[in-house]
Amino acid sequence: SFESYSNGSYLAQSNSKWTTWKNKPGTTEDVKITNVKSHSGKNSIYFASATGGPTDVILPFGGQYSTGNFHLSLWMLVETGKVGYFNLQATPVAGTTWNMDLDLNEDGTYNLLNTVDGNLLSGTYTQNKWINVELKINLNTSTYELLIDGTSQGTFSNSFPSIASLD
């Protein structure tokens with residue numbers, strides 16, 4: 001939830017739990033809080049940058065995890081004709097190893113992939129509507145499940161055995 005933030009404030013500059021790719025909170029790498037659209041409440045964050053940045057915020061998970069269960073759930077709105085994206089980093093140093101990428105394409109399709117296994121899952125999602133994207137991960141077995149709006153999109157095995165942050 002972004003309800004405790006002021007409209008127009010930078011996320012990583014406002015909350016030390018977040019950072020940016022190059023550790024530059026309060027710059028163009030940081031994302032601003034907006035009250036234009038939100039899933040619930042009044043605030044959200046909106047990424048309006050070209051591929052590769054400049055906006056690139058990171059939520060570190062407090063270490064590198066390779067055992068146990070991990071659950072990620074977030075709401076995303078990808079407007080018609082736009083794209084959405086996030087990745088999980090496998091190590092605490094951003095840019096060292098990507099665990100997986102989720103590309104929400106402008107044609108309403110998605111691809112979940114990584115650099116070793118290639119495309120792990122593909123399917124469709126609804127554009128111009130808030131969707132709940134979930135990952136249920138068993139790090140002990142490296143088994144992942146992707147859910148969109150509570151519906152399983154499938155499971156896969158990931159060659160990267162750890163996670164450390166959301167980018």
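**Exercise 1.** State the strand order of the open sheet of seven strands in this predicted model, and find its edge strands.

*Solution.* Step 1: the order reads S1-S4-S13-S6-S7-S8-S9, and the pairing is antiparallel. Step 2: an edge strand pairs on one side only, and this holds for strand S1 (19-20) and strand S9 (118-124).

**Exercise 2.** Describe how S6 and S7 pair.

*Solution.* Step 1: strand S6 covers residues 84-89 and strand S7 covers residues 98-104. Step 2: six bridges link the two in the antiparallel sense. Step 3: opposite Leu88 stands Met100 in S7.

**Exercise 3.** Sort the side chains of strand S5 (residues 69-77) by face, and identify the partner of this strand.

*Solution.* Step 1: the side chains alternate along S5. Step 2: Phe70, Leu72, Leu74 and Met76 point to one face and are buried, where buried means under 20% relative accessible area. Step 3: Asn69, His71, Ser73, Trp75 and Leu77 point to the other face and are not buried. Step 4: S5 is joined by nine bridges to strand S10 (residues 130-138), and the two run antiparallel. Step 5: Met76, one of the buried residues, has Ile131 in S10 as its bridge partner.

**Exercise 4.** Work out why the protein chain counts as compact as a globular protein of its length.

*Solution.* Step 1: the chain holds one helix and 13 strands. Step 2: its radius of gyration is 16 Å, and the globule rule gives 15 Å for 167 residues; the two values are close, so the chain is as compact as a globular protein of that length. Step 3: as for burial, 43% of the 167 residues count as buried.

Conventions:
Residues are numbered from 1 along each chain as its sequence is written. This is a predicted model: local features need pLDDT of at least 70, side-chain atom pairs count only at pLDDT 80 or more; totals for chains, interfaces and linings use all residues. Side-chain values use heavy atoms; hydrogens and water are left out. Two strands pair if DSSP finds at least two bridges between them. Helices (H or I, at least four residues) and strands (E, at least two) are DSSP runs, numbered from the N terminus. Buried means under 20% relative accessible area, exposed over 50%, partly exposed in between (1.4 Å probe, protein chains only). The radius of gyration is taken over C-alpha atoms; the globule rule is 2.2 Å times the number of residues to the power 0.38.
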